[in-house]
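Me: Please give me a close reading of one charged side chain and its surroundings in the model below. I would then like that site to be placed in the context of the chain as a whole.

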Amino acid sequence: MNNLLADIPEKLTDEVFQTIIENKGVKIERITSLGQVTPEGEWYDQAQNEWVVLLKGRARLMYADGREQSLEAGDHAWLPSGCKHRVSWTDPQQPTLWLAVHWPVTE
């Protein structure tokens with residue numbers, strides 16, 4: 001993949017996760033959503049740190065403490081290890097394109 005905004009699927013039944021690079025515990029991936037959300041009652045609770053930026057579309061993240069964060073193109077979120085969160089909404093009318101960077105916790 002040479003262009004993060006190219007070859008975006010227009011119709012999806014599931015989210016599409018595409019690894020761009022993975023090396024020494026660091027993973028960078030492009031995620032494409034089209035109305036998909038984390039199933040009700042399920043939470044991401046990752047051992048790694050994550051930073052995401054929305055490249056296209058709109059989405060909302062919900063945190064276990066009840067906060068919700070709306071994201072539009074250019075917005076980003078820092079999700080440290082152990083931060084329980086879920087995707088509560090993605091735009092069903094247009095693809096939402098995320099760039100996610102995961103890396104291990106180091107002391």
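Reply: Lysine 27 is found in strand 2, which covers residues 26-33. Strands here are DSSP runs of E with at least two residues, helices are runs of H or I with at least four, and both are numbered from the N terminus. This is a predicted model, in which local features need pLDDT of at least 70, side-chain atom pairs count only at pLDDT 80 or more, and totals for chains, interfaces and linings use all residues. Residues are numbered from 1 along each chain as its sequence is written, and side-chain values use heavy atoms, with hydrogens and water left out.

Lysine 27 counts as partly exposed because its relative accessibility is 24%; buried means under 20% relative accessible area, exposed over 50%, and partly exposed in between, with a 1.4 Å probe and protein chains only. Once residues up to four places away in sequence are set aside, lysine 27 touches Thr19, Ile21, Glu22, Ala100, Val101 and His102, a contact being heavy atoms within 4.5 Å. The C-alpha atom of lysine 27 is separated by 9.5 Å from that of proline 104, although their positions lie 77 residues apart along the chain.

The charged partner of lysine 27 is glutamate 29: the two form a salt bridge in which the closest N and O atoms are 3.8 Å apart. A salt bridge is a side-chain nitrogen of Lys or Arg within 4 Å of a carboxyl oxygen of Asp or Glu. Side chains of opposite charge can pair when their charged atoms come close. Glutamate 29 has a relative accessibility of 6% and therefore counts as buried, whereas lysine 27, at 24%, is partly exposed.

By the same rule, the count comes to 5 salt bridges. One of them joins the side chains of arginine 86 and glutamate 40, at 3.8 Å from N to O. This pair links distant parts of the chain, 46 residues apart: arginine 86 belongs to strand 7 (residues 85-90), and glutamate 40 to the loop between strand 2 and strand 3 (49-56). Arginine 86 is buried because its relative accessible area is 6%, while glutamate 40 is exposed because the corresponding value is 73%. Another salt bridge is formed by arginine 67 with aspartate 65, whose closest N and O atoms are 2.9 Å apart. Arginine 67 has 46% relative accessibility and so counts as partly exposed; aspartate 65 reaches 55% and so counts as exposed.

A further acidic residue, aspartate 91, has its place in the loop between strand 7 and strand 8 (96-103). With a relative accessible area of 3%, aspartate 91 is buried. Beyond its neighbours within four places in sequence, aspartate 91 is in contact with Leu34, Gly35, Arg58 and Thr96.

Two charged residues deserve a note on backbone geometry. Lysine 24 lies in the loop between strand 1 and strand 2, and its phi is near 50°, a positive value in a residue other than glycine. At 79% relative accessibility, lysine 24 counts as exposed. Aspartate 7 occupies the segment before strand 1 (16-23) and has a positive phi of about 55°, although it is not a glycine. Aspartate 7 counts as exposed too, because its relative accessibility is 72%.

The setting for these sites is a protein chain with 0 helices and 8 strands, which read along the sequence as β-β-β-β-β-β-β-β. A compact globule of 107 residues would have a radius of gyration near 13 Å, so the 13 Å of the protein chain agrees with that expectation; the radius is taken over C-alpha atoms, and the globule rule is 2.2 Å times the number of residues to the power 0.38. Along the principal axes, the C-alpha atoms fill a box of roughly 40 × 35 × 25 Å. Among contacts with a separation of 6 or more, 65% come from residues 24 or more positions apart.

Of the 107 residues, 35% count as buried. The accessible surface of the protein chain comes to about 6500 Å², 49% of it belonging to carbon and sulfur atoms; areas come from the Shrake-Rupley method with a 1.4 Å probe, and for residues only the protein chains shown count as cover. The mean positions of the 10 positive and 16 negative charges are 2 Å apart. In that tally, Lys and Arg are positive and Asp and Glu negative, with His and the chain ends not counted, and each charge is placed at NZ of Lys, CZ of Arg, CG of Asp or CD of Glu.
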